[in-house]
Amino acid sequence: MSIHPSAIVADGAVVPESCTVGPFCTIGPEVILGEECRLVSHVVLDGRTRIGSRNTIYPFSSLGIAPQDLKYHGEPTETEIGDDNTIRECVTVSRGTTKGGGITRIGSGNLIMAYAHIGHDSQVGSHCILANAATLAGHVTIEDYATVGAFSPVHQFCTVGAHAYIGGGTIVTQDVLPYSLTSSRRENKAFGINKVGLSRKGFSPERLQMLQKAYRLLLAAKLNTGEAVEKLKLLKGPEDALADIRHLIEFIERSQRGVIK
């Protein structure tokens, strides 16, 4: 085990021998680390925090810290982080609250860039990117493969759909449609599908064409959202493309805050 002499590891913490703990790190007594994690330096891990394997955490990040919620009074809530995440400098992740489900979760394979904040009870999927200073208020859900641009705050209880791309500086106060390119150029709106990102992730031409057809119905057909959804339900095509459409329909139908169009 490589633990720098200046690091403080509390009794009760679980730190496998394959981990590296750099200078001036602090690990609390209820923290459990997986194999081959690397804490570069000045990292704080606190609370009931479970972290998977092969995560790299950069200086001045604080994970599992008490939530920024005046209703929190020290209840034993949790933070859970998966495998293979890169968490850059000065990232903050707050643990959950009893009224919000009690746990903040981050999946696997994410890039969380400098100064990003993940608020209490948020649920971040896998293979997401939170760019510099992206800010998630409490109770935010980020689905798999989504990207939140730099300096973009996401309002409480909003959901960012799978494969969505949010442009830098966008203030998100409603749900962001899956597969969409959403930005605040002049005003917040969806500008169609995230075609470049979806192509890079291996979406076939047939899936892209089906999604483009769906977004034309949603954004350009002069239909209200309910009418557009009924049209989406009538689309025909390959099964994998229809699965994307079903996910889009289900996302819209379960939205509580409304979707950005």
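## Exercises on salt bridges, strands and rings

R105 counts as partly exposed in this structure, its relative accessibility being 35%. The model from which this value was computed is a predicted one, and the exercises below should be read with that in mind.

**Exercise 1. Determine which residue forms a salt bridge with E80, and where the two partners lie.**

Step 1. The partner of E80 is R105, and the closest N and O atoms of the two are 3.5 Å apart, which satisfies the 4 Å limit for a salt bridge.
Step 2. Because E80 belongs to strand β11 and R105 to strand β14 (residues 103-106), the pair ties together parts that are 25 residues apart in sequence.
Step 3. E80 has a relative accessibility of 27% and is therefore partly exposed, and R105, at 35%, is also classed as partly exposed.

**Exercise 2. Describe the salt bridge between D84 and R54, including its place along the chain and the accessibility of each partner.**

Step 1. The N to O distance between the side chains of D84 and R54 is 2.8 Å, and they meet in a salt bridge.
Step 2. D84 sits in the loop between β11 and β12 (86-87), whereas R54 sits in the loop between β8 (48-51) and β9 (56-57), so that the pair links distant parts of the chain, 30 residues apart.
Step 3. D84 has a relative accessible area of 36% and is partly exposed; R54, with 39% relative accessibility, is likewise partly exposed.

**Exercise 3. Work out which helices are tied together by D244 and R207, and whether these residues are buried or exposed.**

Step 1. A salt bridge joins the side chains of D244 and R207, with 2.9 Å from N to O.
Step 2. Since D244 lies in helix α4 (residues 239-254) and R207 in helix α2, the bridge ties together parts that are 37 residues apart in sequence.
Step 3. D244 is buried at 5% relative accessibility, and R207 is buried with a relative accessible area of 18%.
Step 4. Turning to the salt bridges that share partners, one network is found to join R50, E78, E80 and R105.
Step 5. The count for the whole model comes to 13 salt bridges.

**Exercise 4. Find the aromatic pair, classify its geometry, and state what lies over the face of F203.**

Step 1. The count comes to one aromatic pair.
Step 2. The ring centres of Y179 and F203 are 6.1 Å apart and the ring planes stand at 70°, which is over 60 degrees, so the pair is edge-to-face.
Step 3. Y179 is in the loop between β24 (165-166) and β25 (180-183), and F203 is in the loop between α1 (195-200) and α2 (205-219); the pair thus links distant parts of the chain, 24 residues apart.
Step 4. Both Y179 and F203 are buried.
Step 5. R207, the residue that bridges to D244, lies over the face of F203 at 3.7 Å from the ring centre. Another arginine, R88, lies over the face of Y58, at 3.9 Å from the ring centre.

**Exercise 5. Sort the side chains of β8 by the face to which they point, and identify the strands that pair with β8.**

Step 1. The side chains along β8 alternate, with T49 and I51 pointing to one face and buried, and R48 and R50 pointing to the other and not buried.
Step 2. Strand β5 (residues 31-33) runs parallel to β8 and is joined to it by three bridges, with L33 standing opposite I51.
Step 3. β11 also runs parallel to β8, and four bridges join the two; here I51 stands opposite I81.

**Exercise 6. Give the strand order of the open sheet that contains β10, name its edges, and describe the surroundings of T77.**

Step 1. Eight strands make up the open sheet, in the order β2-β4-β7-β10-β13-β16-β19-β22, and their pairing is parallel.
Step 2. Its edge strands, β2 (8-9) and β22 (153-154), each pair on one side only.
Step 3. Within this sheet, β10 pairs with β13 (residues 92-94) in the parallel sense over three bridges, and I65 stands opposite S94 in β13.
Step 4. T77 is placed in the loop between β10 (62-65) and β11 (78-81), and its relative accessible area of 5% makes it buried.
Step 5. A polar atom of the T77 side chain lies 2.6 Å from the backbone oxygen of G96.
Step 6. When residues up to four places away in sequence are not counted, T77 touches R48, Y72, R95, G96, T97, T98 and G102.

Terms used: Residues are numbered from 1 along each chain as its sequence is written. This is a predicted model: local features need pLDDT of at least 70, side-chain atom pairs count only at pLDDT 80 or more; totals for chains, interfaces and linings use all residues. Side-chain values use heavy atoms; hydrogens and water are left out. Rings of Phe, Tyr and Trp (its six-membered ring) pair if their centres lie within 6.5 Å; planes under 30 degrees apart count as stacked, over 60 as edge-to-face and the rest as tilted. Buried means under 20% relative accessible area, exposed over 50%, partly exposed in between (1.4 Å probe, protein chains only). A charge sits over a ring if NZ of Lys or CZ of Arg is within 6 Å of the ring centre and within 35 degrees of the ring normal. A polar contact is a pair of N or O atoms within 3.5 Å; within protein, one must be able to donate a hydrogen and the other to accept it, and residues adjacent in sequence count only if both atoms are side-chain atoms. Contact means heavy atoms within 4.5 Å. Two strands pair if DSSP finds at least two bridges between them.
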